[in-house]
Amino acid sequence: MPAAHEDPDAPIIASPKEVPATICPRQVTLRDRVTVATLVPFSSADEVPRSLLGYLTDQLNREIEKGDTYPMMDPIALERFGPYWFANFGAVMLLGDIKTVQDVQAMAQNRTDWTRTCLGSFNIRPNYPGRSSHVCNGTFLVTDASRNKGVGRLMGEGYLEWAPKLGYTYSVFNLVYENNVASCRIWDSLGFKRIGKVPGCGSLRSYPDQLVDGIIYGRDLSLEGEDSVTQERFDKIRYYLKHSKYPRGADRAEKSRLRSAATHYKLIGGDDGEPERLMLKDKEVVSDPQQQYEIARQVHVQQHGGINKTTATIAVKYHWVRIKETVSRVIRDCPQCKETAKAPVLNGNNSRTTELPATKPGGDLDMTASNGAITPTELMTDADNAHSNPFAQSHPSEVEAPDDCMTDYSHLPLDPQIIDMNPHLPRFQHHQSITDPYEHPTHELPHVAFEDELRAHGHNDYQAMVNDEDSEALQRDALGLVNTQLTDSQHEQEMLSRYVDRSDDELGFT
C-alpha cells in the first residue's frame with residue numbers, strides 16, 4: 001500500500017536534520033488488541049541485516065510485478081534497494097517487543113524467519129530539494145503475511161509521530177491511485193487532505209482498458225489531537241466493552257479513559273448474523289472512513305442539500321469526528337451538484353428577489369423604490385401617531401437578497417443604524433396640523449409643496465412642536481429642510497447626516 005514512489009535512481013536529497021536520539025523503537029498493538037509488534041527505526045541501510053533487506057526487496061518487487069500500486073515497471077536489485085529505501089530514514093515493523101537495533105541484528109544471526117516476523121516497512125525523505133526540503137514524502141510496504149491486521153495504519157501513525165522530529169513540517173503523497181482503497185482509507189482517517197488529483201495518470205495491470213486517476217494527499221504535521229487516532233480509539237472502546245478487559249499495552253491513563261468511555265458507549269447486535277455496532281447514546285459510531293463517506297453520499301443524494309443541512313441530517317443517527325469535512329468532500333465529488341447551475345434565490349412569495357440599491361455615478365446610493373424594495377425614505381413614513389413605533393410592521397422588516405446571494409441570508413432584520421433614527425422621528429408627529437412632507441405616492445420629496453406647508457405655519461407652531469431642551473436645534477433642523485436646490489438622494493443623505501448620530505464610516509449601506 002505505497003503512498004508515493006519516485007525514481008529510485010534519482011539523487012538523494014539531504015534531510016533537514018539528523019535523526020535525533022528521541023526516535024527509538026515504538027511498541028504497537030495489532031488490530032486484535034493482543035499481538036505486540038515494534039516499529040524499529042533505521043538511519044541507514046548499513047544498520048539493517050542483509051537477510052532482512054533481501055526479504056523486503058522481494059516483497060517490493062512482488063508489488064511492482066502486480067502493477068496496481070507502484071508506478072515503476074522494472075524490479076529493483078538488492079544492491080540498489082538498501083541505499084534507496086533507507087537513504088534518509090526508514091523503519092521496519094517486526095513482531096515482538098524489540099528494544100534496540102542490535103536486537104534486530106541478533107535476530108538475523110539466529111536465522112529468524114522474516115516471512116513470519118516482518119510485517120512491513122516505510123521510509124521518510126524530502127519531497128523537494130533545497131528550500132522546500134522540509135516537506136516530506138513516504139513510501140509504505142505491507143508484507144503478504146500481514147494483510148488485514150492494521151499494519152498499514154500503525155505505520156502511518158508512526159510516520160506522523162517521527163516526521164516532525166526529523167524536521168519536517170508538511171507531508172505530501174504525490175501519487176495514490178484511486179483504486180487503492182486501503183491506502184485512501186488510511187490517509188483519510190489520519191487527517192490527510194485530498195489536495196489534488198491527476199486524471200488518468202495510472203495505466204494499471206488490473207485495468208487494461210482504462211486510465212486510473214491519482215490522488216495527491218497533504219497534511220500539516222503540526223496538527224495534533226484525536227483526529228488522527230479516532231479509529232484506533234473507537235476500536236479500543238469496542239474491545240473493552242466486548243471482552244471486559246483492557247487492550248494489551250494500555251497504560252494507566254488509557255485505562256482510565258476506557259472506564260470513563262464505558263459509561264457513554266455500548267455495544268448492540270452481534271447475534272444471529274447481525275453486525276455488531278458501537279453506540280454513543282442513540283447514535284451509531286462510524287470509525288471506518290470509507291463507510292463515513294458512503295453514509296454521507298447516501299444522505300446527500302436524497303435531496304442534494306448543502307453542507308449544513310446534510311451534516312445535520314447525518315448527526316441525528318450517526319457519530320464520527322469531522323462529519324462536516326466528509327460532507328464537504330461528498331458534495332465536491334457529486335456530479336449533479338457540479339453540473340447544476342446556481343438557481344435564482346426566491347423570496348417568500350416565490351418570486352425573484354429584487355436587487356440591492358444601485359450606486360449612482362456621483363457616488364450616492366439610489367434609494368428609489370423598485371419592485372417593492374425598502375428604502376430609507378419609505379421607512380420614515382410609517383409613524384401615524386405619537387405613541388406608535390414607526391418601524392412596527394408597516395413595511396416588511398426584512399432585507400430581500402439579491403439573485404446571487406445565499407438563501408440562508410435572505411431574511412435579515414432591519415439595519416440598526418437606520419433604526420437609530422426612531423427616537424427623533426416622533427417629535428414631528430405631535431400635531432396633526434402638520435402634514436407629513438414624505439407622504440407621497442411615489443415616495444419622492446415634493447420640495448415646493450413642503451415649502452408652502454412650512455410657510456403656512458407661524459413661529460409658534462414650530463415652537464409648540466417640541467418641548468425639550470433640544471428644541472432650538474431641532475427647530476433649525478426643521479427649517480433647514482427647505483432646500484429646493486438639492487436632489488432627492490442628496491436630500492435624503494442630508495437628513496441621515498442630521499438625525500443619525502454616527503460618522504460616515506459607521507453607516508453600513510454598502
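A residue counts as buried when its relative accessible area is under 20%. In this predicted model, Cys-184 has a relative accessibility of 3% and is therefore buried. Cys-136, at 0% relative accessibility, is likewise buried. The structure contains zero disulfides.

**Nonpolar cores**

In soluble globular proteins, nonpolar side chains tend to be buried together. The largest nonpolar core here comprises 33 residues, and Met-93, Phe-122, Ile-124, Tyr-159 and Trp-187 have the most contacts inside it. At least two residues of this core come from each of several elements, including strand E3 (90–95), strand E4 (118–126), helix H5 (151–165) and helix H6 (181–189). Helix H5 supplies the largest share, seven residues. Another core, apart from this one, has 26 residues, among them Leu-53, Ile-64, Met-107 and Leu-141.

**Salt bridges**

The count of salt bridges is 21. Three of them are listed below.

| Pair | Closest N to O distance |
|---|---|
| Lys-197 and Glu-178 | 3.3 Å |
| Asp-188 and Arg-329 | 4.0 Å |
| Arg-297 and Glu-294 | 2.6 Å |

Lys-197 belongs to strand E7 (residues 193–202) and Glu-178 to the loop between E6 and H6, so this pair ties together parts 19 residues apart in sequence. Lys-197 is partly exposed at 45% relative accessible area, and Glu-178 is partly exposed at 35%.

The salt bridge between Asp-188 and Arg-329 links distant parts of the chain, helix H6 and helix H11 (residues 323–333), with the two positions 141 residues apart in sequence numbering. Asp-188 is buried at 13% relative accessibility, and Arg-329 is buried at 13%.

Arg-297 and Glu-294 are three residues apart in helix H9 (residues 289–303), and therefore about one helical turn separates them. In addition, a network of salt bridges links Arg-26, Glu-161 and Lys-165.

Note on methods
Residues numbered from 1 in each chain as written. Predicted model: local features only at pLDDT ≥ 70, side-chain atom pairs only at ≥ 80, totals over all residues. Heavy atoms only, no water. Disulfide = S-S within 2.5 Å. Buried < 20%, exposed > 50% of the residue type's maximum accessible area, 1.4 Å probe, protein only. Core = buried A, V, L, I, M, F, W, Y, C linked by side-chain atoms within 4.5 Å. Helix = DSSP H or I, 4+ residues; strand = E, 2+ residues; numbered from the N terminus. Salt bridge = Lys/Arg side-chain N within 4 Å of Asp/Glu carboxyl O.
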